Amino acid sequence: MDFKNVEIKNYTTYDSLPLHLFNENHAIDIYFEHLSKSISLKDLIFESELIKYSDSTELVYSLDLNGKRLRQIYTLYDQGFVINYRIENDGFDELIDTKNLNFYWEGKMPKIERELLDARQRATTRYYSISGNTDYISKTSTEYEEMPIDEPVKWLAFNQKFFTASVIAENGFSKGLITLAPSIDDQIVKQGALSSEIPFTDFVNNQARFKFFFGPNKYSILNEVTEGFSQNIELGWVFLPFINKYLIIPIFNFLERFMSNYGLIIIIMVLIIRLILSPLTYKSHISMAKMRVLKPELDAIKEKHDGDMQKAQSDQMELYRKAGINPLSGCIPVLLQFPILVSLFYFIPSAIELRLESFLWADDLSSYDSILSLPFNIPFYGDHVSLFTLLMAGSTILYTMANSQMTTIQGPMKTMQYLMPIMFLFFFNSYPSGLSYYYFITNLVSFGQIALFRKFVNEDKIKLIMEENKKKNVNKKKSKFQTRLEDAMKANQTAQKNKGKKK
Amino acid sequence: MDKNNIIGLTLMMVMLAVYFQFFSPEPPVSEIIDNPVVDNSSSKLSEKVNNEVPSDLPLDPSDSTLNQLNKLKYGFFASKIAGEESIISLTTEELEVTFTSKGGL
């Protein structure tokens, strides 16, 4: 009884070979003690029987020892990546002395992606407990590590970048242990083991039912397998998984139905997301336009209180209040866009849909594109030149330049704005080309959006409205927050003055 | 940020780059090879199911000796150790699964 080989038919390795998630480097065993000898089901020869149903096939392995029978039944459905497995006991439990039935699966995760280092940094062993706790062994660890699980376990998995091999216990395992170790073999990503105990009463009462999963890390597939199984895709932290699950992935899957070119899908996805966000972008644009209109007056204030920052600031606040603009309204919409950009940072590198998909000069959107291989390694950069990353960094600089003509940001922030794209250039050079391509398209679309807004937003009109506001707001009561802010500023001022006097 | 700040930052970057290029610590490859714990993890199963004939026993590879050894090792289960291993392959739309009636380590 055992798997010998499991091939995922509709996928291949990076070099177009059959993809075996389970092979001679893997072994699953169930063992127990009989008269102080450890007996492995793996060593015993079973009788096999094949039963065909309309939509499934059952493979029954049975063992008969003087009337004490054990049956292992595998059920394969025509569709899906799940193999059902159950153990039937007919008096066999009397042969097990310690009333312990141990499950052990050891395996070496095969190299199936081109970038070995990246694959290694995304491979781990993982568990999910009945009570919903989940954890995995550090993906970047360079030594043998183990993680005991002291509570009933729902599933255990070998989790690679794009594929997962897992065992799921329908009624839970009693406890478990997962291990992970690096490998020096360049055909092996990492090696590890999943071990646990099958609850003995489940076994005696024929309730020992399991599922094996061998398949791709695709959200729609994993989500159907069992609870918490979508943990096998890294979708980010805190609230980012929600953005991915309920916004990004549905849009992506929807577009997939109509086209097969993933470069195009990404363009349309950018357009849709920008469209959803456009009210926010519009608001921020208007508030920036207002600031720009006010700039001459702000400069005058600065000149008037030359050197006295605090006085200048309180006058500035007064001006904002009169004109009826909230200085924060310019940056809050931009901040709200940020989570979407970051959630894509998680989604695109783990999207199996982009795996081995070529677009223009990038032959794999899930890996970096390279237009030039350098004969040496530049620290933090690598030994290749990714054109999409160059385009992204370049377009970010252009975008910032175009934007800075309109904003009033000055001083260190201005330099930071230009430093960021240069840091991106290093950071994203080895990241999936799909990601830098997405950010590049986002920049282009934002560019167009701003041009559009400029055309339709009349600055003279804004000026007029603000002049009116000024007249209206002269007698308007200050908001609570603003009064408090001004009070605090005044208190601060007097305190400093006192300090100066003491000196 | 004035000119001096930028020069300072750039110099720090250059020094970091130089450090990582020329003085960075070698990855501890040999440690991994020597690490006995790693070996243990991968050979635990093979040791357990290893049913080779120990070499210090009289070498008589006749069936009866093997049977005796199996009896010693597997007791009651000895009768289910010997026999032909049969292999069955099943194909679905997504998977091709090969089963064996015995573990093929």
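Student: Which element gives the largest share of the lining of the largest cavity?

Tutor: This is a predicted model, in which local features need pLDDT of at least 70 and side-chain atom pairs count only at pLDDT 80 or more, while totals for chains, interfaces and linings use all residues. Residues are numbered from 1 along each chain as its sequence is written, chains are lettered from A and ligands numbered from 1 in the order in which they are written, and side-chain values use heavy atoms, without hydrogens and water. H3 and H4 of chain A each supply at least two residues of this lining (residues with an atom within 4 Å of a cavity point). The largest share, 3 residues, comes from H4(A).

Student: What is the volume of the largest cavity?

Tutor: A cavity is a set of points, on a 1 Å grid over the protein atoms alone, where a 1.4 Å probe fits but cannot get out. The count comes to 7 cavities of 30 Å³ or more. With volume taken as the space filled by probe spheres set on the points, the largest cavity has about 100 Å³.

Student: Between which domains does the largest cavity lie?

Tutor: The lining has 14 residues, and those nearest the centre are Tyr219(A), Ile233(A), Ile249(A), Phe347(A) and Glu353(A). Two domains of chain A, with bounds from an automatic or database assignment, both give residues to this lining, so the cavity lies between domain 1 (6-233) and domain 2 (262-367 + 432-464).

Student: Is Thr226(A) buried or exposed?

Tutor: Thr226(A) lies in the loop between helix H3 (219-225) and helix H4 (240-256) of chain A, helices being DSSP runs (H or I) of at least four residues. Beyond residues up to four places away in sequence, Thr226(A) touches Lys154(A), Trp155(A) and Ile168(A), with heavy atoms within 4.5 Å. The relative accessible area is 14%, and since under 20% is the cut-off (1.4 Å probe, protein chains only), Thr226(A) is buried.

Student: What is the separation of the C-alpha atoms of Arg71(A) and Ile87(A)?

Tutor: Arg71(A) has its place in strand E7 (residues 68-77) of chain A, a strand being a DSSP run (E) of at least two residues. Leaving aside neighbours within four places in sequence, Arg71(A) is in contact with Val60(A), Tyr61(A), Ser62(A), Arg86(A), Ile87(A) and Glu88(A). The relative accessible area of Arg71(A) is 30%, which is partly exposed (between 20% and 50%). Although Arg71(A) and Ile87(A) are 16 residues apart along the chain, their C-alpha atoms are separated by 5.7 Å.

Conventions. On a 1 Å grid over the protein atoms alone, a cavity is a set of points where a 1.4 Å probe fits but cannot get out, and a pocket is an open set with protein on both sides within 12 Å along at least five of seven lines; lining residues have an atom within 4 Å of a point.
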